[in-house]
Amino acid sequence: MPNSRSGFRIVVAGGGFAGGTLALALAKLAPKTCGVTLVDAAPPSAPRGRDGRGLALSPASKNLLAAIGLWPRLEPGAQPMTSIEVTDSPLNAPLRPHLLGFAEDVADGEAHAWLVEAGALLEAIGEAVTATPSIELIAPDSVETFGTDAFGADIRLASGRDLRAALLVAADGKKSRLRDQAGIHCIGWSYDQMGIVATIAHERPHHGRAVQHFLPSGPFAILPLTGNRSSIVWTEDADKAQDLVQDLVNGAPDVFLAALGRRFGHRLGEISLEGPARTFPLSFQMARAFAGERLALVGDAAHVVHPLAGQGLNIGFRDVAALVETVTETARLGLDIGSAAALERYQRWRRFDSAFSGAAMDGMNRLFSNDNAPLRAIRDLGMGLVDRAPGLKRFLVREASGATGDVPRLLKGEAL
Ligand SMILES: Cc1cc2nc3c(=O)[nH]c(=O)nc-3n(C[C@H](O)[C@H](O)[C@H](O)COP(=O)(O)OP(=O)(O)OC[C@H]3O[C@@H](n4cnc5c(N)ncnc54)[C@H](O)[C@@H]3O)c2cc1C
């Protein structure tokens with residue numbers, strides 16, 4: 001559908017977690033005058049199971065997935081996280097008392113988060129996109145260049161095909177080509193840390209408990225998956241992480257397994273690796289603007305945060321929900337969905353919240369990823385005080401669940 005008096009086309013570049021979800025939400029919830037084209041560099045039938053991560057999704061993100069009909073499909077494989085323990089005990093400590101615990105801070109039948117395997121989520125998004133005739137899917141292909149004028153964006157794909165849209169959305173990940181082409185710079189730095197990700201099978205049940213163990217080289221998280229399985233995100237100095245995983249690949253797993261065993265502890269009995277371990281370079285990155293002429297940024301194209309609190313995609317889903325609400329309300333008024341006013345509303349809504357969350361994760365990583373004695377004493381005192389302040393704990397739980405601030409309606413489980 002070209003831009004005309006009767007309708008607007010939205011082209012979403014990137015069919016990953018954020019872009020795929022956005023295309024589905026627009027197709028299902030925005031007025032029919034908004035046509036949706038999704039361009040993804042990966043073929044639609046690409047194998048998705050190899051990602052290996054367990055993603056902690058907040059109750060707000062679950063509401064978004066429910067609104068677009070994905071949650072019933074994901075729920076059987078989603079593990080509720082019902083308690084969280086935070087510790088910074090040394091690895092050789094005989095006991096690991098927790099500094100901070102969140103157990104009774106959620107209502108019955110609720111959870112702090114749901115652990116969903118990344119491969120399963122991508123597969124569900126991909127299948128739903130393919131089964132939605134109102135989404136024009138162009139894949140494998142990618143946005144090569146684009147130019148804008150007062151009325152729309154002209155988009156050239158790598159295949160040579162040309163598209164015209166009222167609104168172009170950059171959902172093309174942390175190395176976003178669209179963001180760079182729009183001249184939008186990022187503030188950011190690399191952590192010189194890697195996240196080692198693996199699925200661990202264990203003898204005893206985890207009872208929905210997650211553990212965040214802050215160690216001098218970075219946090220080590222144990223996140224419950226369905227069955228007697230957990231996903232780990234093991235933050236380590238970049239060189240050491242590469243060596244550990246390379247030993248595994250070379251068929252010499254002893255060093256990796258010994259180091260893993262010391263961090264994982266004995267509480268869940270015997271452990272074994274289920275599948276390969278993968279490394280992800282960790283960085284902080286925040287786009288200086290979340291919108292340009294006829295362009296909106298969502299997901300990792302807009303912000304990349306440290307995974308220590310499992311918030312990256314949850315923040316990305318807040319972008320998705322805010323953009324769908326902005327587009328829907330603008331289109332219902334018969335106004336231009338890609339106008340500077342509409343995009344300014346989206347940017348104002350999302351920029352401060354994302355920067356605040358990113359800075360909080362960055363601060364926590366810096367505070368905990370070291371063994372400085374005075375700092376350790378201060379942070380342990382602070383954590384102890386939080387642990388004894390039920391009001392503050394409830395606030396932190398609400399903050400992590402995506403229930404604070406100016407929350408888009410889809411995240412509150414409300415209709416648009
Ligand atoms: C170790 C680790 C653990 C994490 N754990 C969690 C967690 O527990 N909870 C959480 O909320 N978040 C977590 N995150 C963050 C989360 O993984 C990211 O926020 C999320 O993957 C970002 O999704 P995205 O769709 O924005 O980008 P991506 O997943 O990078 O998708 C980008 C898409 O764009 C496509 N593409 C690229 N260029 C083009 C182009 N030019 N044209 C068209 N298509 C293009 C690609 O094919 C891809 O499909 C974690 C991150 C890491 C590293």
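In the predicted model, the hairpin of β15 and β16 has three residues between its strands, and Gly 227 takes a positive phi near 75° there. β15 and strand β16 (residues 229–237) pair in the antiparallel sense, with six bridges between them. Phe 220 sits opposite Trp 234 of β16 in this pairing. On the other partner, strand β14 (residues 209–215) also runs antiparallel to β15, this time over five bridges. That pair makes a hairpin too, with two residues between β14 and β15, and here Phe 214 faces Pro 219 of β15. As for burial, eight of the eight residues of β15 (residues 218–225) are buried, so the strand is largely enclosed by the rest of the structure.

Another sheet is built from six strands. It is open, its order is β8-β2-β1-β12-β19-β18, and its pairing is mixed. β8 (135–138) and β18 (291–292) are the edge strands, each of them pairing on one side only. Inside the sheet, strand β12 (residues 167–170) and strand β19 (residues 295–297) are parallel and share three bridges, with Ala 170 standing opposite Leu 297 of β19. Following the edge strand β8, the loop between β8 and β9 (143–148) holds Pro 140, and a cis peptide bond with omega of about 0° joins Ala 139 to Pro 140. At the other edge, the loop between β18 and β19 contains Arg 294. Arg 294 has a positive phi of about 60° although it is not a glycine, and it counts as buried, with 27 C-beta neighbours inside 10 Å. A positive phi also turns up at Asp 192, near 55° and again in a residue other than glycine. Asp 192, however, belongs to strand β13 and is exposed, with 12 other C-beta atoms within 10 Å.

Turning to packing, the largest nonpolar core contains 110 residues, and those with the most contacts inside it are Ile 10, Leu 22, Leu 26, Val 169, Ala 296 and Val 298. Helix α8 gives the most to this core, namely nine residues. Domain 1 (8–70 + 118–187 + 284–368 + 406–412) and domain 2 (80–115 + 191–281) both supply residues to the core, so it lies between them. For Ala 296, once neighbours within four places in sequence are set aside, the contacts are Leu 167, Val 169, Phe 290, Ala 291, Leu 323, Leu 343 and Tyr 346.

Helix α8 is also where Val 324 is found. Val 324 is buried, with 26 other C-beta atoms within 10 Å. Leaving out residues up to four places away in sequence, Val 324 touches Leu 22, Ala 25, Leu 26, Leu 29, Ala 30 and Leu 410. Its C-alpha atom is 8.9 Å from that of Leu 416, although 92 residues separate Val 324 and Leu 416 in sequence. Leu 416 itself lies in the segment after α11 (390–400) and is partly exposed, with 18 other C-beta atoms within 10 Å. Under the same sequence exclusion of up to four places, Leu 416 touches Leu 29, Glu 325, Thr 328, Arg 409 and Leu 410. There is a longer jump along the chain as well: Leu 416 and Ala 30 are 386 residues apart, yet their C-alpha atoms are separated by 8.5 Å.

Around the ligand there are 33 residues, of which Gly 14, Gly 16, Gly 173, Gly 299 and Gly 312 come nearest. The elements that give two or more residues to this shell are α1 (17–29), β3 (54–57), β13 (186–202) and α8 (312–332). Once more α8 shows up, here with the largest share of the shell, four residues. By class, the shell has 15 nonpolar, 13 polar and five charged residues. Domain 1 and domain 2 each provide at least three of the residues around the ligand.

For the chain overall, the secondary structure amounts to eleven helices and 20 strands. Of its 416 residues, 45% count as buried. Among contacts between residues at least 6 apart in sequence, 75% join residues at least 24 apart.

How values were computed. Residues numbered from 1 in each chain as written. Predicted model: local features only at pLDDT ≥ 70, side-chain atom pairs only at ≥ 80, totals over all residues. Near = placed C-beta within 6 Å. Nonpolar A, V, L, I, M, F, W, Y, C, P; charged D, E, K, R; others polar. Domains from an automatic or database assignment. Core = buried A, V, L, I, M, F, W, Y, C linked by C-beta atoms within 7 Å. Buried ≥ 20, exposed ≤ 12 C-beta atoms within 10 Å, placed from the backbone. Contact = placed C-beta atoms within 7 Å. Pairing = 2+ DSSP bridges.
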